[in-house]
2 protein chains.
Amino acid sequence: MKIPEDLGIEVGDLVRVRKGDIVYEGIAMPKHSYSAPDMLVIKLGSGYNIGVKIDSTASVEVIRRRTEPQKQREISANPVGSGPAIKIIGTGGTIASKVEYETGAVKPAMSPEELLEIIPEASEIASIDVEIIMSILSENMEPGYWERIAEGIYRSMITGYEGIVVTHGTDTMGYTASAIAFAVQDMKIPVVFVGSQRSSDRPSTDAAINFVGALIAASRAPFAESVVAMHADTSDTEIAIHRGTRVRKMHTSRRDAFQSINARPIAKVDPYRRELRIIDSDYRPRGKGEPKLFNGFERKVALIYSYPGIESEIIDMLIDKRYRGIVIAGTGFGHVPEKLIPTLRRAVEEGIPVAITSQTLYGRVNLMIYTTGREMLRAGVIPCEDMLPETAYVKLSWILRRTRELDEVRRLMLTNIAGEISTRHNIDLYRKT
Amino acid sequence: MKIPEDLGIEVGDLVRVRKGDIVYEGIAMPKHSYSAPDMLVIKLGSGYNIGVKIDSTASVEVIRRRTEPQKQREISANPVGSGPAIKIIGTGGTIASKVEYETGAVKPAMSPEELLEIIPEASEIASIDVEIIMSILSENMEPGYWERIAEGIYRSMITGYEGIVVTHGTDTMGYTASAIAFAVQDMKIPVVFVGSQRSSDRPSTDAAINFVGALIAASRAPFAESVVAMHADTSDTEIAIHRGTRVRKMHTSRRDAFQSINARPIAKVDPYRRELRIIDSDYRPRGKGEPKLFNGFERKVALIYSYPGIESEIIDMLIDKRYRGIVIAGTGFGHVPEKLIPTLRRAVEEGIPVAITSQTLYGRVNLMIYTTGREMLRAGVIPCEDMLPETAYVKLSWILRRTRELDEVRRLMLTNIAGEISTRHNIDLYRKT
């Protein structure tokens with residue numbers, strides 16, 4: 001059976017599902033390509049999505065047919081420049097910031113329009129529209145803002161742009177690029193996050209070159225993924241394009257602070273010759289499919305570091321405060337101290353998924369080698385392969401708005417959705433002295 | 001005034017200090033080279049050390065003169081091999097482990113004596129004594145075990161050995177090497193931590209070469225610091241010697257998983273030619289001074305990761321549970337979301353130091369550039385320069401057993417004690433693609 005089609009349900013219909021004593025009422029949602037085939041996903045009145053298994057005990061009725069949404073299919077009539085139609089979405093950060101001369105501190109203040117004024121070559125590359133969604137320093141980014149950015153990106157994507165550039169602070173740009181990779185699926189065009197390590201009114205700024213690199217990638221790249229464009233080195237000659245689910249800020253101040261972990265950058269851009277060179281050809285190609293928005297991130301998820309002396313009371317507190325998911329950056333292969341395992345078991349028993357990553361960042365979690373790991377597996381933790389701790393945090397927050405059934409959370413955590421897990425041997429992708 | 005000498009007090013005396021209404025009674029402790037000159041450090045009956053400022057309001061009396069401790073000045077009469085006298089201290093880990101053939105899991109089981117049997121060349125390099133302090137997998141390491149290891153190292157150091165090798169699991173070896181760098185001061189000989197990524201009864205083991213490298217460093221190195229000896233690359237040709245306060249496990253499985261962060265390795269060892277080559281000559285030289293044990297690590301210290309969506313209730317919980325110190329791995333230059341700052345202020349007001357590091361690992365914390373950072377500084381946080389989050393955690397735990405006065409904690413956190421802070425420009429020490 002194909003769900004929801006074979007139930008006579010269209011995406012957007014208001015439906016009522018009865019299963020034994022329980023009744024679910026909500027809007028039928030599009031299926032992910034990786035959803036279990038017998039699952040009907042509905043958005044409840046609370047805003048939560050839930051997956052309901054449609055078996056012989058379930059009955060489904062349509063309460064109200066969907067109302068066709070008004071889709072904008074035209075791009076803006078007043079773009080700047082010429083070339084492919086590119087949407088710039090402003091969220092703030094140093095790339096759109098100025099130094100406050102009274103204090104010397106940097107504040108997000110400059111609009112993407114002002115940025116275009118100081119980067120005139122941008123209008124030679126693309127025909128540009130600008131939309132400012134927010135103006136914040138990225139240390140203040142929150143899952144609620146990811147949702148607003150995802151909404152803006154999705155709207156621009158179905159409007160017909162050929163690429164999207166998102167200006168963003170560097171502190172948490174990797175987290176947001178990862179969030180968008182999950183929230184906006186079946187992308188048709190690239191979404192290129194770009195930031196700068198020095199504010200754009202400083203002579204040493206990297207804003208202009210990063211921005212030009214991002215614009216070239218957004219307008220010409222053959223891939224359609226959520227990526228980050230930042231300096232590949234300190235010499236201003238190349239911009240690296242990193243996959244959003246694989247990138248991490250690895251230095252407080254260097255212009256080449258962003259690095260792909262357990263992966264190669266997808267491409268590099270020469271901002272002077274305006275050339276894009278593919279490095280990893282295993283990407284989602286541009287132009288395929290119809291974009292879908294699976295928006296919503298659970299707020300009660302914690303990312304916890306493990307260390308000698310960590311007390312189980314920290315995890316107990318999360319359980320008591322009704323957190324809905326916990327990601328742990330364990331030591332080595334993903335271990336926690338053995339004395340913590342009963343508490344992890346308690347979390348799982350109370351329906352809270354516990355996802356395990358490693359604080360080494362590089363390499364793959366493996367809980368089969370040592371007895372500690374095996375006991376962790378018996379307690380029901382989810383070993384997150386070669387996923388970054390930050391990406392596992394974003395992904396678990398996203399999954400928990402799709403389903404809270406532990407088996408389904410586990411299945412989705414271990415399914416590669418946006419390049420965050422590699423089944424290939426990638427032990428050689430390690431930065432050496 | 002020189003304290004304690006000019007007060008007529010010797011280290012080890014039982015003293016009583018009156019300051020206004022408060023009376024402190026305990027054993028006079030040795031001064032650190034970095035202690036404030038007007039401070040008398042005493043170990044209270046509770047086991048805590050406290051620094052008391054000796055000013056005109058203070059009166060000091062000796063209650064009982066110290067009893068001379070019985071120092072062992074002879075090394076063991078039954079060493080194995082010939083050459084410099086080296087003490088092997090066993091703590092467990094993969095390097096001293098065997099595969100459990102029924103389950104395939106690795107458990108710490110093999111003694112350093114057995115290790116010597118399978119590495120016969122060890123006895124050509126040094127005259128070896130073995131002491132097994134514990135046998136644990138290092139994910140179960142705890143501050144209480146650091147204290148036992150520090151005690152064992154200190155005892156061996158004053159007994160006359162020319163070097164110490166500590167076998168240790170790799171998961172938390174960096175934390176322990178860092179702990180020893182603070183707990184054992186004025187070292188006269190090197191303390192070389194060594195582990196392996198594959199157990200020593202497997203053909204692919206790195207145990208033998210790492211162990212030989214560690215033994216060469218322990219017996220011949222011109223430096224006297226707490227260091228980690230592990231594969232410099234995967235080709236079995238060189239062992240890197242990393243400073244304990246600067247080293248981090250950066251890969252789950254590779255043999256060259258250990259890397260110096262924001263620093264160069266101190267040396268490299270060729271295990272075949274048995275040669276040691278100095279890379280960073282800015283080390284504490286061998287043979288100087290008299291070792292001192294400043295043992296004790298505060299247990300109620302937490303290491304917290306900052307991320308988009310972190311709730312201040314996590315910090316509030318630590319305050320409510322009477323944690324005595326908090327280390328935060330912030331984003332970028334060390335930021336936390338602005339909404340967390342009132343909670344950090346509350347922690348500081350309640351006498352809990354909040355130390356700030358960066359989750360980028362590379363680079364230096366700087367809270368002067370952005371308004372968020374400036375507000376954090378106004379709330380009273382301690383920006384930990386280019387210190388690793390793990391090292392800041394170990395160091396704060398150690399400081400809190402010396403003093404809990406916030407100003408003194410801050411002064412010590414920002415004083416370079418064991419190579420954990422660099423005042424030199426080290427932006428070039430960054431691993432590149």
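Biologist: In which sense do strand E1 and strand E2 of chain B pair?

Modeller: This is a predicted model, in which local features need pLDDT of at least 70, side-chain atom pairs count only at pLDDT 80 or more, and totals for chains, interfaces and linings use all residues. Residues are numbered from 1 along each chain as its sequence is written, and chains are lettered from A and ligands numbered from 1 in the order in which they are written. Strands are DSSP runs of at least two residues, numbered from the N terminus, and two strands pair if DSSP finds at least two bridges between them. Over six bridges, E1 (residues 14-19) and E2 (residues 22-28) of chain B pair in the antiparallel sense.

Biologist: Which residue takes a positive phi in the hairpin of E1(B) and E2(B)?

Modeller: Lys19(B) faces Ile22(B) in E2(B). The hairpin has two residues between the strands, and the one with a positive phi near 60° is Gly20(B).

Biologist: Which residue in E5(B) stands opposite Val15(B)?

Modeller: E1(B) is also joined by six bridges to strand E5 (residues 58-64) of chain B, and these two run antiparallel. Opposite Val15(B), in E5(B), stands Val62(B).

Biologist: How are the two copies related?

Modeller: Copies are superposed by least squares on the C-alpha atoms of residues with pLDDT of at least 70 in both. A turn of 180° and a shift of 0.0 Å along the axis lay chain B on chain A with an RMSD of 0.1 Å. The two copies are therefore related as by a two-fold rotation axis.

Conventions:
Helices (H or I, at least four residues) and strands (E, at least two) are DSSP runs, numbered from the N terminus.
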